[in-house]
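Here is a walk through one protein chain, taken piece by piece. Keep the 3D view open as you read.

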Amino acid sequence: MPPPKDVVKIAIQMVGAIPQLIELQQTKPLASVLKDVCDAWSLPNAERYALQYADGRQTYITESNRRDIKNGSILRLTTSPDQEAERLYIGIQSKNADVKTDSLKKLASLSQDVTFAQEFISRNGLKQIYSIVEEGNDTGEMLAHTLKAFTELMEHDFVSWENLNTVFIKKIVSYVNMNAVDASIQQLSLSILENMVPTSRLLFELVKKEVTLDRLLTHLQATNAELQLKAMALLIALLLSATDAERRDMMEYLREKNLRQFIHKNIIHSSEPLRDEMAHYLYVLQSVSLNLCEHRMKTSMDPYSQEQRDLLQSLRETAFESESEVPTGSFSTERRRSLCAKEFRKLGFMNNSNPSEDLRRAPPGLLALDNMVYFSRNTPNAYSRFVLENSSREDKHECPFARSSIQLTLILCEILHIGEPCSETAQAFYPMFFGQDHFFEELFCICIQLVNKTWKEMRATQEDFNKVMQVVREQITRTLSLKPTSLELFKTRVNALNYSEILKLRQTERLHQEETLAVPVLELREKLKPELLELIRQQRLLHLCEGTLFRKISSRRRQDKLWYCRLSPNHKVLHYGDVEEGVQSPPIESLPEKIPVVDMKMLLVGKECPHTKEKSSGKQNKDVLELAFSIVHDMEEYCLNFIAPTRYEFCLWTDGLNVLLGKEMTSERTQTDLDVLLSMELKLRLLDLENISIPDTPPPVPKPPSNLNFCYDFSHAEQ
């Protein structure tokens with residue numbers, strides 16, 4: 001008979017004693033449980049003791065988290081958090097260096113626990129840590145433990161970062177700026193400053209002033225990967241907290257220092273594999289840089305701005321330079337205006353008498369004008385060839401340069417998500433972005449020539465403009481999905497993907513997605529569905545058995561802690577636990593936490609999850625909501641919360657958990673996989689019917705013959 005829900009069987013250890021095996025009554029006060037445990041070992045003063053997990057993070061057991069204890073858990077009897085906090089508070093003030101170091105090391109470890117952290121902070125323990133740092137007498141291992149303890153204590157958000165005094169902050173800054181400092185101390189110092197920057201404008205300005213971009217670039221060039229990562233994290237924090245003007249100045253300075261080229265050569269193409277956190281920071285750096293175009297993209301052309309009108313006129317003069325050399329004095333004002341209008345029409349402006357009207361639409365606004373001017377000045381031969389080539393075609397077959405440029409700029413803004421906020425978890429960056437300073441403009445130069453090439457391949461007319469631009473969008477997105485490492489490689493691949501190749505790809509995809517609507521085939525589909533759905537269920541459960549590495553996202557959306565979850569081979573228990581960076585597939589025995597499948601009550605996704613409802617320093621990000629799911633277990637009182645690393649993992653895990661709960665698989669991936677499997681199975685079964693039309697209704701069954709004399713009687717032959 002299974003034990004009641006409010007009873008768990010556990011083991012309790014103590015150094016130098018035989019472990020106790022007890023049945024823990026969850027309804028019984030924790031103080032009474034501790035009293036019984038201490039009495040069994042003849043220990044007085046039970047209030048001085050506490051229980052904590054023997055494995056993993058060794059969290060203290062409290063009334064608020066005791067329901068997380070599972071059958072088979074191993075706990076340890078130890079000093080209570082208040083006693084331990086008092087002992088360590090005294091220990092870190094010791095004059096004995098060994099005692100002080102050991103106390104700080106222990107403090108750094110225990111500070112991860114929220115109960116202990118609360119007790120230590122309540123004793124004004126942070127003030128003592130400030131003193132150790134500010135005095136600056138301790139270095140090396142002792143200082144590293146102090147900074148680690150401070151970081152862990154601040155992680156619990158009991159104390160605001162704004163309460164830190166300037167002396168403490170400048171001391172942390174000094175560790176970042178000094179050369180002869182241990183790398184571990186610099187890493188911790190960079191991490192502290194990274195957490196500090198987003199919390200207030202004053203702290204941002206202080207850190208920006210004290211830690212120069214040159215110093216951060218020095219750390220980025222370090223061979224220590226962890227130090228490089230922390231320096232990049234602080235740089236990103238500064239960029240995200242800056243105003244638009246400050247961000248623009250910072251990015252311009254980084255451009256002068258060739259940051260992109262350094263990243264392209266030494267980080268992206270490093271011999272070491274790129275870590276997830278670094279990939280995210282590179283994505284953010286790319287996004288921040290591209291979003292510098294947002295202001296121009298959202299600004300319409302002002303027809304009264306002399307500067308903008310000059311840029312517009314420069315397009316005409318560059319394209320028709322020889323014609324513009326004719327002295328303007330020989331023409332009347334009306335004739336000159338007529339000539340300009342004709343030339344603007346040849347350039348492809350819709351409103352040739354007032355071309356600024358074409359640029360009033362925002363987006364793409366002035367960004368389109370900037371791109372056209374960049375193309376004309378940096379590749380004048382290609383620009384002249386584009387314009388003059390189309391000027392000589394028939395009116396209906398000419399490819400309008402200006403109209404194409406405006407639409408292409410809008411397409412590139414949409415593809416590159418210019419003007420959209422940075423995702424808090426995305427890692428998708430383009431390696432070629434870091435190989436070129438003027439990435440957006442150079443990409444435009446390649447793609448506008450692609451427009452002209454595709455226009456000729458399609459033999460398009462003005463009525464086909466939107467069709468051509470759709471094909472160009474497809475050419476660009478398909479090529480970008482291949483993640484070319486340089487613009488030259490992008491140019492080669494996008495030009496190879498001509499219109500005929502696009503048609504072939506579309507036809508292939510259409511054939512794959514095409515469904516035969518004949519009634520017998522539809523009936524066969526329905527007959528095959530249950531078998532294939534069972535195959536998908538088995539695949540989902542197999543994926544859960546292999547397990548997945550998840551990241552913990554704290555209130556500040558930091559992703560530096562990992563945990564692993566996997567299903568037991570018999571599909572009866574979910575095992576999970578914290579793991580270190582670099583661990584790919586930990587054995588199931590190393591995962592201390594368990595949830596029996598029979599205790600799982602419900603699956604929550606998206607906004608229904610408790611961890612998406614918690615307060616955070618920033619606005620909840622849409623992509624986090626799309627990847628969040630939770631398992632409700634133990635009488636709907638407790639949840640195990642997940643943030644899937646990708647949408648693919650989200651679909652597989654939610655499907656697998658629904659299978660364990662005996663429910664239907666609901667993810668979009670299920671339908672996609674089912675369609676693929678059905679398509680393959682149908683094609684295999686209908687191979688023999690190729691090029692044979694299948695009737696909607698079966699042919700009529702003929703009437704039985706009037707006699708069966710046509711049958712051969714073998715019995716007569718044997719006689």
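Where is His-438 found? It sits in the loop between α21 (401-415) and α22; helices here are DSSP runs of H or I with at least four residues, strands are runs of E with at least two, and both are numbered from the N terminus. Before going further, note that this is a predicted model, in which local features need pLDDT of at least 70 and side-chain atom pairs count only at pLDDT 80 or more, while totals for chains, interfaces and linings use all residues. Residues are numbered from 1 along each chain as its sequence is written, and side-chain values use heavy atoms, with hydrogens and water left out.

Back to that loop. His-438 is partly exposed, with a relative accessible area of 35%; buried means under 20%, exposed over 50%, and partly exposed in between, using a 1.4 Å probe and protein chains only. Between His-438 and Arg-403 there are 22 Å in space, C-alpha to C-alpha, and the two are 35 residues apart in sequence.

**Domains**

The domain assignment, which is automatic or comes from a database, splits the chain into domain 1 (7-79), domain 2 (83-279), domain 3 (298-322 + 335-509) and domain 4 (530-671). Note the two segments of domain 3, 298-322 and 335-509. Taken over C-alpha atoms, the centres of domain 3 and domain 4 are 44 Å apart.

**Nonpolar cores**

What about the inside? A nonpolar core here is a set of buried Ala, Val, Leu, Ile, Met, Phe, Trp, Tyr and Cys residues joined through side-chain atoms within 4.5 Å. The largest one has 148 residues, and those with the most contacts inside it are Phe-150, Met-232, Leu-347, Leu-408 and Ile-476. Helix α22 gives the most to this core, with 12 residues. Both domain 2 (83-279) and domain 3 (298-322 + 335-509) supply at least three residues each.

Leu-347 is a handy place to look around. Leaving aside neighbours within four places in sequence, Leu-347 is in contact (heavy atoms within 4.5 Å) with residues including Leu-315, Phe-320, Tyr-383, Val-387 and Phe-401. Apart from the largest core lies another one, of 42 residues, among them Leu-544, Ala-628, Phe-629 and Leu-661.

**A buried serine**

Ser-376 belongs to helix α19 (residues 366-378). With a relative accessible area of 2%, Ser-376 is buried. Where does its side chain go? The side chain of Ser-376 reaches the backbone oxygen of Val-373 at 2.8 Å. That is a polar contact: a pair of N or O atoms within 3.5 Å, where within protein one must be able to donate a hydrogen and the other to accept it, and residues adjacent in sequence count only if both atoms are side-chain atoms. Not counting residues up to four places away in sequence, Ser-376 touches Leu-315, Thr-318 and Tyr-383. Two of these names, Leu-315 and Tyr-383, also turn up among the contacts of Leu-347.

**Salt bridges**

A salt bridge is a side-chain nitrogen of Lys or Arg within 4 Å of a carboxyl oxygen of Asp or Glu, and a search of the whole structure finds 36 of them. Here are a few pairs.

| Pair | Closest N to O distance |
|---|---|
| Glu-357 and Arg-360 | 3.5 Å |
| Lys-456 and Glu-389 | 3.0 Å |
| Arg-506 and Glu-474 | 2.8 Å |

In the pair of Glu-357 and Arg-360, Glu-357 is partly exposed at 37%, and Arg-360 counts as partly exposed at 38%.

Lys-456 and Glu-389 form a salt bridge. This pair links distant parts of the chain, 67 residues apart: Lys-456 is in helix α22 (residues 439-458) and Glu-389 in helix α20 (residues 380-391). Lys-456 is partly exposed at 43%, and so is Glu-389 at 24%.

Arg-506 pairs with Glu-474. Arg-506 lies in helix α25 (residues 499-513) and Glu-474 in helix α23 (residues 465-480), so the bridge ties together parts that are 32 residues apart in sequence. Arg-506 is partly exposed at 27%, whereas Glu-474 counts as buried at 15%. Elsewhere, salt bridges that share partners join Arg-540, Asp-655, Arg-669 and Asp-673 into one network.

**Cysteines**

How many disulfides does a search of the whole structure find? Zero, with a disulfide taken as a pair of cysteine sulfur atoms within 2.5 Å. Cys-399 has no bond because its sulfur is 13 Å from the closest cysteine sulfur, in Cys-447, which is too far. For Cys-445 the closest cysteine sulfur is also in Cys-447, 9.4 Å away and again too far for a bond. Cys-399 counts as buried, at 3% relative accessibility, and Cys-445 counts as buried at 3% too.
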